[in-house]
Amino acid sequence: MNTKVLSQDNAAASAAAAEKTRGGTLKPLPEDALILIPMRNTVLFPGVISPITVGRPRSVAAAQEAARSERKVGFLLQKDPQKNEARPDDLYWVGTAGQIVRYITGGEGAHHMVVQGSSRFRALEFLEGWPFLVARVQYIEAPAEQEGKLEPDIEARFLQLKSQAVEAIQLLPNAPEELSVVVQGVSSPALLADMVGNLLDIKLEDKQALLETFDLKTRLDRVLHFLSERVGVLRISKEIGDKTKKEFDERQREHVLREQMRQIQRELGEDEDTGAELQELKKQIEAAGMPEDVHKHATKELKRLQRMGEGSAEGSMLRTYLEWLAELPWKDEPQKPIDIAEARHVLDEDHYGLEKIKRRILEHLAVRKLNPTGKSPILCFVGPPGVGKTSLGQSIARATGRKFQRIALGGLHDEAEIRGHRRTYIGALPGNIIQALRRAESKNAVLMFDEIDKLGQGGFHGDPASALLEVLDPEQNVRFRDNYLGVDFDLSRVMFITTANMLDTIPGPLRDRMEIIHLPGYTEEEKLEIAKRYLVKRQMEANGLTSADKAIADFQLGDDVIRSIIGDYTREAGVRNLEREIGAVLRHVAMQVAEGRAEKIRVGVEDLHAILGARRFENELAQRTSVPGVATGLAWTPVGGDILFIEASKVPGSGKLILTGQLGEVMKESAQAALTLARSFVPETLEKTDVHIHVPAGATPKDGPSAGVAMFLAIVSLLLDVPVRSDVAMTGEISLRGLVLPIGGVKEKTLAALRAGIKTVMLPKRNEKDLEDVPAEAKAKLEFVFLERVEDAIRTAIGELPARAKKAA
């Protein structure tokens, strides 16, 4: 195909020159030439009448010349609709020729025309010399169709297309009914294909591809493909629309029925109940003692509720909201006189020991007695499980004459659990704090936040730890705002108590707002007293063992039995497992009583094996430390103190240090420092020897610097081939200069040594002041050696160094 393409500048210049030479008149067009108008967003099909608007100068000139001369005009689609001056290369060269049926000049440079497409054409050569696009073209005539003589494959596609086109029109929401009649009356497959192709909501490139498809059967297949996709979309849209309309009609019907029912009830005088309920709600609001701004807000909402329909969803939500406001404890309740002696009696009755905590509670009561308007403290009880943190909160409430509510924070990850949900959500409720105060029916209650160290991490639900900052700050909680209430509530009279197993996981700003009180583990004597005073009695009641039964009238668990349970069957900081084992013993007694097998029942130490099984804990210190290279260390854990065996061994190698037992980075560095320090005390060369340090219980992660002394003594014991004393345990960080540095958790570690049967505990010299917190029983039963340098540890645990070692040191 021979083509000649003109640039925009050449075309404009030639048009201007031609107009000048002819005195403003255009030279005639060749017979096979066609005036062309580029289209931005429209593809015209043969046989289709379509409105077209033009505004570009060249397009306007082309339209005016075609209308004046009554010539056909050709329409070509632009490849890029953003270009204002389209060149031949910017156009598709297959288009539709049509006749301008009507031409109207509009305002602002827009010209409107109605065009009827007649036939397809292909541009062969673009011509110059006119102020608009002109090209020689080749018309593509459709094959002649004789009615009733269609080929079978064409006729089948024609009928299928007609059927789908009618279905698509019926699915359209605003399609005129006459359109289906027009489609049914089309007898030409080519005309129907072009008509449907023009109406399809598809990309311009796809419409251009349909226009360029000259083979009728292929064109019908493509139109059927596009139409099938659109019909599927229209079916789904109609289903969604029908469902929406049905739901709307049902709601409208429900509203009408409710309104009719209301009118009927009014005629029957049955709407008095609703008025009575609103009057009762108004009385509750008046009697609630709300602050002035809250009362004003509640009254406004009540008036809005009275204007609403009884059956409206918003009315139900508003009624629930007003009930919450009316039932909260807004008033300052008169407090009973504070009796310090009675409070001390209650605390001593419920808990054994814990003198520091009891003193702090009594101090608070004394301050409150002298200053009733003062703010309540925010206490945080930190200690291992089973030491009585939660039950202590209940005792505080009883001693202070307040109501007690507990809120579990373990795993809480949603800020709305603290601050409440906004009322815009269906099923919204206030946060746990407001709910607890409603249950307590007093804002002078004791609120316990249990397991505050196990709060969930913040995410897209918000950060609950940050939400607690406002609650636990005495300067801010005077005006605590719950998202559901939307008004301020005074929390300054609430006594907040929190519990935790460890402080490390509590965020710093939150920890800073609380007064930390540590609850260490109990000694054996304290456990014995707790069991005798509380646990045995509670388990006897739980197992139905009362003194009314003759068989157990004089029954009691002896001290030797309880001590055996403590030492042989439990090893814990608290008393939770101890109570569980006592319960097992008493269930055995309950079975004997129920079966009537004995007139008088007693349980001795020799019976524990049959009831509880073999002893679970034995003193393995002597066995494990009877060989060189083993030392007993002391460790702190979130569940209390524990003993830790450090084992060292040497094997042929290349002087490497091997560490096993799932040790953390700090503990690995302590082991390296211990080996380096030990080499300065023992002259033995280790160039061809590997030292292996292992800490048993390999499945448990371990870290921290306090095992430095134990690792050092294990290595020295290994190299000197002298065992460490089995009744000695130690803790302390070491330096490369041989100094013993202070550590934490002295009380917990000391109690762990006492439970394990240790006789001598070695501590850093700078931790001597921490013995004030150690129970007197532990200090009486243990010998304490305070270390300034590692030589002090060697003398106590191993003995005097051999002469060769002294020389090396």
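Helices and strands are here DSSP runs, numbered from the N terminus. The model described is a predicted one.

In this numbering, residue E687 falls in the loop that joins helix 23 (665-679) to strand 17 (689-694). With a relative accessibility of 56%, E687 counts as exposed, because the threshold for that class is over 50%. Apart from neighbours within four places in sequence, E687 is in contact with G653, S654 and G655. The C-alpha atoms of E687 and K656 are 8.4 Å apart, while 31 residues separate the two in sequence.

Elsewhere in the model, an open sheet is formed by 5 strands in the order 8-9-12-7-13, and the pairing is parallel. Strand 8 (404-408) and strand 13 are the edge strands; each has a single partner strand, so one side of each has no neighbour in the sheet. On average, neighbouring strands of this sheet are turned by 20° against each other, direction ignored. Helix 15 packs on the sheet through contacts with strand 8 and strand 9, and the direction of helix 15 makes about 155° with that of strand 8.

Strand 7 (residues 378-382) has parallel pairings with two strands of the sheet. With strand 12 (residues 495-500), strand 7 shares 5 bridges in the parallel sense. Within this pairing, I378 stands opposite F496, and L379 has I497 as its bridge partner. The pairing of strand 7 with strand 13 (residues 515-518) is also parallel and comprises 4 bridges; here C380 stands opposite I516.

In a regular strand, side chains alternate between the two faces of the sheet. In strand 7, I378, C380 and V382 lie on one side and L379 and F381 on the other, and all are buried. Both faces of strand 7 are therefore covered, buried meaning under 20% relative accessible area. Overall, 5 of the 5 residues of strand 7 are buried.

Helix 9 (residues 292-307) has a buried side and an exposed face. The 16 residues of helix 9 should span 22 Å at 1.5 Å a residue, and the distance of 23 Å between the end C-alpha atoms agrees with this. The buried residues in helix 9 include V294, A298, E301, L302 and L305. These five cover an arc of only 105° around the axis, which means that they lie on the same side of helix 9. Exposed residues E292, K296, K300 and R307 are carried by the face of helix 9 turned away from the buried side.

The largest nonpolar core contains 53 residues, of which L322, I452 and V471 touch the most other members. At least two residues of this core come from each of helix 8 (272-287), helix 9, helix 10 (313-327), strand 7, helix 15 (432-440), strand 9 (446-450), helix 16 (464-471) and strand 12. The most is given by helix 10, with 6 residues. Leaving out residues up to four places away in sequence, L322 touches L281, I285, A298, E301, L302 and L305. Of these contacts, A298, E301, L302 and L305 are among the buried residues of helix 9. A second core, separate from the largest, consists of 50 residues, including L365, L379, I530 and L586.

Definitions and conventions: Residues numbered from 1 in each chain as written. Predicted model: local features only at pLDDT ≥ 70, side-chain atom pairs only at ≥ 80, totals over all residues. Heavy atoms only, no water. Buried < 20%, exposed > 50% of the residue type's maximum accessible area, 1.4 Å probe, protein only. Pairing = 2+ DSSP bridges. Expected span 1.5 Å × (residues − 1). Arc of directions from axis to C-beta. Core = buried A, V, L, I, M, F, W, Y, C linked by side-chain atoms within 4.5 Å. Contact = heavy atoms within 4.5 Å. Axes fitted to C-alpha atoms, helices over the stretch in contact; angles between N-to-C directions.
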